[in-house]
Amino acid sequence: MRFRGWAITGWITLGILVLNALLLLVFGWNEEGLRVVVRSTARSSVLLFALAFSASSLYLLRPSRSAGWLLKNRRYLGVAFAASHFVHADALLALATVSERFVNEELNAVTLVGGGLAYAFIAAMAATSTDRTAAWLTPRNWKRLHTVGGYWVWAIFAQSYIPRVAVEPGYAPLALLVLG
């Protein structure tokens, strides 16, 4: 069986759910465990997003079999990204229920509004990732939504990862991925 189409979305989503359930088993359903899941899903999300977001550019720059595979399957990678990022949102909500420090010191209006808008774009882009919903939206509006939404999500990842490199050099690969 080849890894393509909606199977990509299903297997990746299942993998993310299993991995994060295991992380919670190991670290516990507490602040530490939830923070591990938040970091895990943030990383899986940025990787999946980067693959889907850059597929056409990669194919234009260096046409190859792997770039062609990415281009053909970016819809499914994009929906897998949405699934990963909604698991991330669930982990953030769970963290907010167990950590007053997270709520009082780490959340702010800019994060809630910017991140909230990113989640609205992610939901809208995922919802319009079938042929039927894309046709309903019209090709022109579909392109607008996915272009504006994609760049908004990219900007959120950029502002999340690039400044962190100065404090935590371990974020450099993720920052480079976003910049690439």
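I started with L23, which sits in helix α1. This is a predicted model, and I read it as such.

**L23**
I asked whether L23 is buried or exposed. Its relative accessible area is 17%. The cut-off for buried is under 20%, so L23 counts as buried. I then listed its contacts, leaving out residues up to four places away in sequence. L23 touches G28, V36, V37 and S40. I also checked L23 against A50. They are 27 residues apart in sequence, and their C-alpha atoms are 24 Å apart in space.

**L22**
Next I took L22, also a residue of helix α1. L22 has a relative accessible area of 46%, so I noted L22 as partly exposed. L22 belongs to a nonpolar patch on the surface. The other members are F3, W11, L14, V18, L25, V26, F27 and W69. Together the patch residues have about 900 Å² of accessible area. Which helix gives the most to the patch? I found that α1 does, with 7 residues.

**Nonpolar cores**
I turned to the largest nonpolar core, which has 31 residues. Which of them touch the most other members? They are I12, L48, L77, F81, V153, F157 and Y161. I looked up the helices behind this core. At least two residues each come from α1 (6–27), α2 (31–61), α3 (65–98), α5 (109–127), α7 (139–161) and α9 (172–179). The most come from α3, with 7 residues. I picked F81 and listed its contacts, again without residues up to four places away in sequence. F81 touches S45, L48, F49, I122, V153 and F157. Another core, of 10 residues, lies apart from the largest one. Its members include L23, V36, V37 and V38.

**Helix α7**
I compared the length of α7 with expectation. Its 23 residues should span 33 Å at 1.5 Å a residue. The end C-alpha atoms are 32 Å apart, so the two values agree. I wrote down the buried residues of α7: L145, H146, G149, G150, V153, F157, A158 and Y161. What do they pack against? I found α2, α3, α5, α6, α8 (164–167) and α9.

**S129**
Last, I looked up S129, in the loop between α5 and α6 (131–137). Is S129 buried or exposed? Its relative accessibility is 10%, so S129 counts as buried. S129 touches W6, R75, V79 and H146, not counting residues up to four places away in sequence. One of these, H146, is also among the buried residues of α7.

How values were computed:
Residues are numbered from 1 along each chain as its sequence is written. This is a predicted model: local features need pLDDT of at least 70, side-chain atom pairs count only at pLDDT 80 or more; totals for chains, interfaces and linings use all residues. Side-chain values use heavy atoms; hydrogens and water are left out. A nonpolar core is a set of buried Ala, Val, Leu, Ile, Met, Phe, Trp, Tyr and Cys residues joined through side-chain atoms within 4.5 Å. Buried means under 20% relative accessible area, exposed over 50%, partly exposed in between (1.4 Å probe, protein chains only). Helices (H or I, at least four residues) and strands (E, at least two) are DSSP runs, numbered from the N terminus. Contact means heavy atoms within 4.5 Å. Patches are made of residues with over 30% relative accessible area and no salt bridge: like charges are joined within 9 Å, nonpolar side chains (Val, Leu, Ile, Met, Phe, Trp, Tyr) within 5 Å. Accessible areas come from the Shrake-Rupley method with a 1.4 Å probe; for residues, only the protein chains shown count as cover. A salt bridge is a side-chain nitrogen of Lys or Arg within 4 Å of a carboxyl oxygen of Asp or Glu. The expected span of a helix is 1.5 Å times one less than its number of residues.
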